[in-house]
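This report walks through one protein chain, beginning with a single strand and widening from there to the sheet, the cores and the chain as a whole. Please keep the sequence and the structure in view while reading.

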Amino acid sequence: LILVKLITGIFTNTIMLIADGIHSFSDLITDIISIFGEGLSERKADKKHPIGYGKMQYITSLVMGIVVVYLAVSLVSEVFTRETKEINNNIIPIVMVTIIVKSLIVRYLHKKGKQYNNNILISSAIESKADELSSAGVLITTIISNFSNVIPILKYSDVIGTIIISIFILRSGFILLKTNLGLLIDECETNEELLNSIKEIIYKIKQVKKINGIMLMKFGSYYNASIKISVDENLTIKKANRIAKRVKNRILKSKYNIKYITMNINPYEEDK
């Protein structure tokens with residue numbers, strides 16, 4: 001996609017298509033960074049990092065966001081230093097093919113991101129969606145540029161289209177930065193359906209009288225959980241710890257990809 005867009009843009013002297021190619025190039029660079037971050041996030045926990053390296057996903061996604069924002073600003077700066085020319089209609093079929101290909105890529109990345117609960121894949125899907133939309137912008141702008149004889153301002157379609165693409169790129173970058181900054185500073189999971197499913201697992205252990213609290217912290221593709229439960233106040237410490245261990249083992253074996261759990265046991269008191 002990068003080569004097709006850039007080569008076509010250069011030979012037809014269409015800066016808008018060159019900008020679209022640069023947008024695709026940012027996809028490639030950030031995906032390389034993502035692969036590197038994914039490898040780091042899968043490192044096993046150690047003494048200095050007892051709950052693993054999952055947050056490396058967020059750091060690499062932040063780098064992705066910074067790169068994307070930089071490219072957007074650079075494109076806007078570049079567009080005002082080039083000579084304005086009419087858009088070549090020969091780029092239309094090429095742009096249509098790139099839109100179709102990119103659409104398939106977006107769907108695949110988003111599907112796999114949700115399947116594996118992987119923030120890097122989801123971030124890449126968001127960025128690829130912006131690339132798909134920018135290509136659609138190139139197509140629309142190229143078509144309407146043919147009416148420049150009727151509407152004089154349309155002779156600047158190449159410049160206008162490039163600025164629109166830059167806005168798409170900038171928006172994509174800010175979304176990545178906002179999302180991953182929140183996750184990097186320990187954002188809790190707020191999905192009630194997920195939290196209720198975990199509660200159901202815990203309440204299957206009859207000795208658990210009450211769940212006082214569940215907090216799931218996102219660590220890349222897995223969670224670190226903090227769970228507070230209440231048990232019969234007459235139980236010995238040994239029996240209470242045995243119940244906590246059962247709760248912990250069941251949750252770790254569940255499908256919700258919770259790798260680390262901190263348990264807190266309280267004596268049960270009936271609500272008055």
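## An enclosed strand

Eight of the 10 residues of β2 are buried, so this strand is largely enclosed by the rest of the structure. The model is a predicted one, and the description that follows should be read with that in mind.

On one side, β2 is paired with β1 in the antiparallel sense, over nine bridges, and within this pairing F219 stands opposite Y222 of β2. β2 also pairs with β3, here in the parallel sense and again over nine bridges. Two residue pairs illustrate the parallel partnership: A225 has I261 in β3 as its bridge partner, while I227 stands opposite M263 in β3.

## The sheet and its helices

Taken together, the three strands form an open sheet in the order β1-β2-β3, and its pairing is mixed. β1 and β3 are the edge strands, each of them pairing on one side only. If direction is ignored, neighbouring strands in this sheet are turned against each other by 15° on average.

Two helices can be followed against this sheet. α7 packs on the sheet and touches β1, β2 and β3, with its direction making about 130° with that of β1. α8 likewise packs on the sheet, where it touches β2 and β3, and its direction makes about 150° with that of β3.

How does the chain get from β2 to β3, and what is the handedness of this crossover? The chain passes from β2 through α8 to β3, and this β-α-β crossover is right-handed.

## Nonpolar cores

The largest nonpolar core has 22 residues, and those that touch the most other members are I198, I202, L216, I251 and I258. The elements giving two or more residues to this core are α7 (192–203), β1 (210–219), β2 (222–231), α8 (237–252) and β3 (258–267). These include the two helices that pack on the sheet, α7 and α8.

I251 offers a closer view of this region: when its neighbours within four places in sequence are left aside, I251 is in contact with I198, I201, I202, I227, I258 and I261. A second core, separate from the one just described, consists of 15 residues, among them L17, A19, I91 and I92.

## A buried serine in a helix

Elsewhere in the chain, S128 lies in helix α5, which covers residues 119–144. Is S128 buried or exposed? S128 counts as buried because its relative accessibility is 1%, and the cut-off for buried is under 20%. Not counting residues up to four places away in sequence, S128 touches D27, K102, I105, V106 and L109.

## The chain as a whole

Stepping back, the protein chain contains eight helices and three strands, which follow the pattern α-α-α-α-α-α-α-β-β-α-β when read along the sequence. The chain has 272 residues, and 44% of them count as buried.

Among contacts in the protein chain with a separation of 6 or more, 72% are between residues 24 or more positions apart. The accessible surface of the protein chain comes to about 15500 Å², and 61% of this surface belongs to carbon and sulfur atoms.

Technical notes. Residues are numbered from 1 along each chain as its sequence is written. This is a predicted model: local features need pLDDT of at least 70, side-chain atom pairs count only at pLDDT 80 or more; totals for chains, interfaces and linings use all residues. Side-chain values use heavy atoms; hydrogens and water are left out. A nonpolar core is a set of buried Ala, Val, Leu, Ile, Met, Phe, Trp, Tyr and Cys residues joined through side-chain atoms within 4.5 Å. Buried means under 20% relative accessible area, exposed over 50%, partly exposed in between (1.4 Å probe, protein chains only). Helices (H or I, at least four residues) and strands (E, at least two) are DSSP runs, numbered from the N terminus. Contact means heavy atoms within 4.5 Å. Two strands pair if DSSP finds at least two bridges between them. A crossover is right-handed if, with the strands pointing away from the viewer, the path from the first strand over the helix to the second runs clockwise. Accessible areas come from the Shrake-Rupley method with a 1.4 Å probe; for residues, only the protein chains shown count as cover. Axes are lines fitted to C-alpha atoms, for helices over the stretch in contact, and angles run from 0 to 180 degrees between N-to-C directions.
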